[in-house]
Amino acid sequence: MTAQNVDEALRKAEGMSFGAMVIDVNLAGDSGLMLMNFMMHNHKGVPVILYSGEALEQANVDSMLALGANQFVQKRDGSELVAAVKQLCPLS
């Protein structure tokens, strides 16, 4: 599932199940962290990767991980995101 903003993500996610979630920290409408909290509450145990095009200070990344994200990946060429998804969701 993809969504352009938090409202769209919330509408589309209703009744769905996920193997993992990749959430942009800076989604339109609300914070990606708000979406992460909602999704983690409603989809317990699903790994969350926070994704951002901004270079964040380590203290900010540590705070997001403390809120429950499994990993933080900065947008670059995509290979780091692919590696993070493979690590959290290995094929059986």
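**Reading the sheet, its helices and Asp24**

Tutor: This predicted model contains an open sheet of 3 strands, paired in parallel and ordered β1-β2-β3.

Student: Which strands stand at the edges of the sheet?

Tutor: An edge strand is recognised by its count of partner strands. Here β1 and β3 (71-74) each have a single partner, so one side of each is left without a neighbour in the sheet. On average, neighbouring strands of this sheet are turned by 25 degrees against each other, direction ignored.

Student: How many bridges join β1 and β2?

Tutor: Pairing is read from the bridges between two strands. β1 and strand β2 (residues 48-52) are paired in the parallel sense over 4 bridges. One residue to follow is Asp24, whose bridge partner in β2 is Tyr51.

Student: What lies across β1 and β2?

Tutor: For a helix on a sheet, one reads which strands are involved and the angle to a strand. Helix α2 lies across β1 and β2 and runs at about 155 degrees to β1. Helix α4 (residues 79-88) also packs on the sheet, where it touches β1, β2 and β3. The direction of α4 makes about 160 degrees with that of β3.

Student: How should the crossing of α1 and α2 be read?

Tutor: One takes the approach of the axes, then the angle, then the handedness. The axes of helix α1 (residues 6-13) and helix α2 (residues 32-42) come within 10 Å, crossing at roughly 15 degrees. Because angles under 35 degrees count as roughly parallel, α1 is roughly parallel to α2. The crossing of these two helices is right-handed.

Student: Which residues of α1 and α2 meet?

Tutor: A helix contact is described by its residues and then by their classes. From α1 come Val6, Ala9, Leu10 and Ala13, which meet Met34, Leu35, Phe38 and Met39 of α2. By class, this contact of α1 with α2 has 8 nonpolar residues, with no polar and no charged ones.

Student: Where is Asp24 found, and in which strand?

Tutor: A single residue is placed first in its element, then among its contacts. Asp24 belongs to strand β1, which covers residues 21-24. Leaving aside neighbours within four places in sequence, Asp24 is in contact with Gly32, Tyr51, Ser52 and Lys75. Tyr51, among these, is also the bridge partner of Asp24 in β2.

Student: With which side chain does the side chain of Asp24 make a polar contact?

Tutor: Polar contacts are read as atom pairs with a distance. The side chain of Asp24 makes such a contact with the side chain of Lys75, at 2.6 Å. The Asp24 side chain also reaches the backbone nitrogen of Asn26, at 2.9 Å.

Terms used: Residues numbered from 1 in each chain as written. Predicted model: local features only at pLDDT ≥ 70, side-chain atom pairs only at ≥ 80, totals over all residues. Heavy atoms only, no water. Polar contact = N/O pair within 3.5 Å; in protein donor to acceptor, adjacent residues only side chain to side chain. Contact = heavy atoms within 4.5 Å. Axes fitted to C-alpha atoms, helices over the stretch in contact; angles between N-to-C directions. Parallel < 35°, antiparallel > 145°, perpendicular 65-115°, else oblique. Left-handed = near helix turned anticlockwise from the far one by under 90°. Nonpolar A, V, L, I, M, F, W, Y, C, P; charged D, E, K, R; others polar. Pairing = 2+ DSSP bridges.
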